[in-house]
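These entries record what I looked up in the structure shown below. I began with open and enclosed space and then turned to one chain as a whole.

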Amino acid sequence: MAGVSLDTVRKIYAGNVEAVKGVSLGIEDGSFCVLVGPSGCGKSTLLRMIAGLETISGGEVKIGDRVVNEIEPADRDIAMVFQNYALYPHMSVYDNMAYGLKNRKTPKDEIEKRVKEAARILAIESFLERKPRALSGGQRQRVAMGRAIVRKPQVFLFDEPLSNLDAKLRVQMRVEIKRLQRALGVTSIYVTHDQVEAMTLSDKLVVMSGGQIEQVGSPSEVYRRPETRFVATFIGSPPMNILPGKVEGNGRVSIGGQSLSVSDMRDGLAVGSDIEVGLRPEDVRAGATGQLSMNVDFVEELGATQLFHGKLGGADFIVQAPTGQIAADAKQLSLSIDPANVHLFDPQTTKRLGKA
Amino acid sequence: MVENRRYRNILAYLVLAVGVLIVAFPVYLAILASTFDAATIINGNMPLVPGDQAGENYYRTLFIGASRSTREPVSMMMLNSFIMAMGIAIGKILISILSAYAVVYYKFPLRRTAFWIIFITLMLPVEVRIYPTYKIVADLGLLDTYTGLILPLIASATGTLLFRQFFMTIPDELLEASKIDGAGAFRFFKDTLLPLSVTTMAALFVIQFIYGWNQYLWPLLITTKDNMQTIVIGIKKMLTTQDALTEWQIAMTTAVLAMVPPVFVVIFMQRFFVKGLVETEK
């Protein structure tokens, strides 16, 4: 087992395109780290640099105590699961899993022992002799994971492994990956653009955008205290409402003339200056006497909850409430919010303006 | 409507039948002619049912040959043709798959240029570059050798292009998975690319075997010894005799024999690459 540490890692492609702009990150031994971000944010490139599939333009990648910048992928003691599984189509499931071990001249009986064991863990024993084309998407995914497990690597790398599965299977496999990682205790780095996957799987969540890290933290930290507006709107579904407001001072801000108290607010903000106020749809309560009022345009039914779409202070606003709590034909809502759940951001730098 | 379709079907079959007759009749005539003696063929009234000379004709053709024109048994010519066709087919597959592998998977300076140079040779078939090719082969002392017959015909771009197109469809992740599995460049080629290319190789083999078997101009130029002539050249020589009757029964028997190996290759390989098509999936 080993941790992974990145020190100002950069990737510059031909034509001076900087895909990864100096990322530093420490991943503890045995933890599950998820890199999440929109497409083109550099998360896959970063993963591929750790794997050794992309050259590292600058900085240092360490697995355990070893700098691996110049080490071949096969010698980095990692295993990777690809989005399209990348199983060898002409080999049986058994051979697919055994191939890497054969190449490193593992004794035959040892290979058989490891493949059998991995097959048992993943419940794929019954089709070891089949070819990948005879398997369903979920089964192929298991084989791809089996191929990673038999190697007994220091680090697992997952590159959007669930993106090719249907929604139901994705949830099921997500749980299995988590359980497997817990059981094996192998350091894992997982890339996804799906924030639900990111939240549920990670011990350590890394939100990336534009080739840089926006925030690192536990899923609840990132959700509770987003450091930038990007993180605030990216993590959470439906996304956080961002409203233009003004600083009133004394721990209060105003939105479209309506005043709101805030607990996490930086000291010394100039009264009357512009500020962005973030409110999560699920943190807002509708009641008879609220601080804010909102016009409802339409309602989305999600079964357990309802989403009320409308306008507040001139901006789009969404309120999420358990079904039945608010009358579905309400035209006007009076909203209240816990001061602890108000997030403030600088309109220029988009950084959080919380207490220092 | 139903009636209408039926007539249309009949018409379609009729047209097809006429087409088949036009194509097949000369072949039938050749087979027929290989069962008569020379006199029956030459008097111009050859019957349309097979005669009784088949055994005699095939024995003479295979083991003795035409008496004046070619002086070598046709079995010898078939062996020559077979070696040439196999040499071209196998050599071409080897060269093409290796060069395509290099062009697709290696990044080296002037890679595109290398590819385009290979590509351009498509526009220069044997006939166009025949003089310089002859000169080189002659200077190398390769006239009247199998190497001389085979080598110049191996050098062309069709196979390289075919394999390149195929390699481009193989997902990059497969190469990356191999890298992580500890397979170097050669292992990836041997363990992954080759097994996946079986279908393409079979297709190329059929095309190139027939191409090699049917070569006319090149063997005509560089072979002068009787024991190096190919079957296609043999037929041609049998037909143009100077001061004797053409031995039509031998020529026709040779023609029939010349058809056999390509037909076998197609039948055998077809099974093989249909199987390959069913088994591979990227």
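Entry 1, the largest pocket. I worked on a predicted model, and I found that its largest pocket holds about 630 Å³ of space. I then looked up the lining, which comprises 19 residues; those closest to the pocket centre are Val104(B), Tyr105(B), Lys107(B), Arg111(B) and Asp172(B). I also noted which helices contribute: in chain B, H4 (74–105), H5 (111–120), H8 (158–169) and H9 (172–180) each give at least two residues to the lining of this pocket.

Entry 2, cavities. I searched the whole structure and obtained 2 cavities of 30 Å³ or more. The largest cavity contains about 70 Å³ of space. From chain A, I listed Ala79(A), Met80(A), Phe82(A), Arg147(A), Ala148(A) and Arg151(A) in the lining of the largest cavity, and from chain B, Ala177(B), Ile180(B) and Asp181(B). Strand S6 (78–81) and helix H4 (137–149) of chain A, along with H9 of chain B, each place two or more residues in that lining.

Entry 3, chain A as a whole. I counted 8 helices and 20 strands in chain A. Its C-alpha atoms occupy a box of roughly 75 × 45 × 35 Å along the principal axes. Of its 356 residues, 53% are buried. Among contacts in chain A with a separation of 6 or more, 65% join residues 24 or more positions apart.

Entry 4, surface and charge of chain A. I recorded an exposed area of about 15,200 Å² for chain A, with 49% of it from carbon and sulfur atoms. Chain A carries 44 positive and 42 negative charges, and I found their mean positions to be 5 Å apart.

Methods. Residues numbered from 1 in each chain as written. Chains lettered and ligands numbered in written order. Predicted model: local features only at pLDDT ≥ 70, side-chain atom pairs only at ≥ 80, totals over all residues. Heavy atoms only, no water. Helix = DSSP H or I, 4+ residues; strand = E, 2+ residues; numbered from the N terminus. Buried < 20%, exposed > 50% of the residue type's maximum accessible area, 1.4 Å probe, protein only. Contact = heavy atoms within 4.5 Å. Areas by Shrake-Rupley, 256 points an atom, 1.4 Å probe, with all protein chains shown as cover. Lys, Arg positive; Asp, Glu negative; His and termini not counted. Charge placed at Lys NZ, Arg CZ, Asp CG, Glu CD. 1 Å grid on protein atoms, 1.4 Å probe; cavity = no way out; pocket = protein on both sides within 12 Å on 5 of 7 lines; lining within 4 Å. Points joined across faces, edges and corners; volume = space filled by probe spheres on them.
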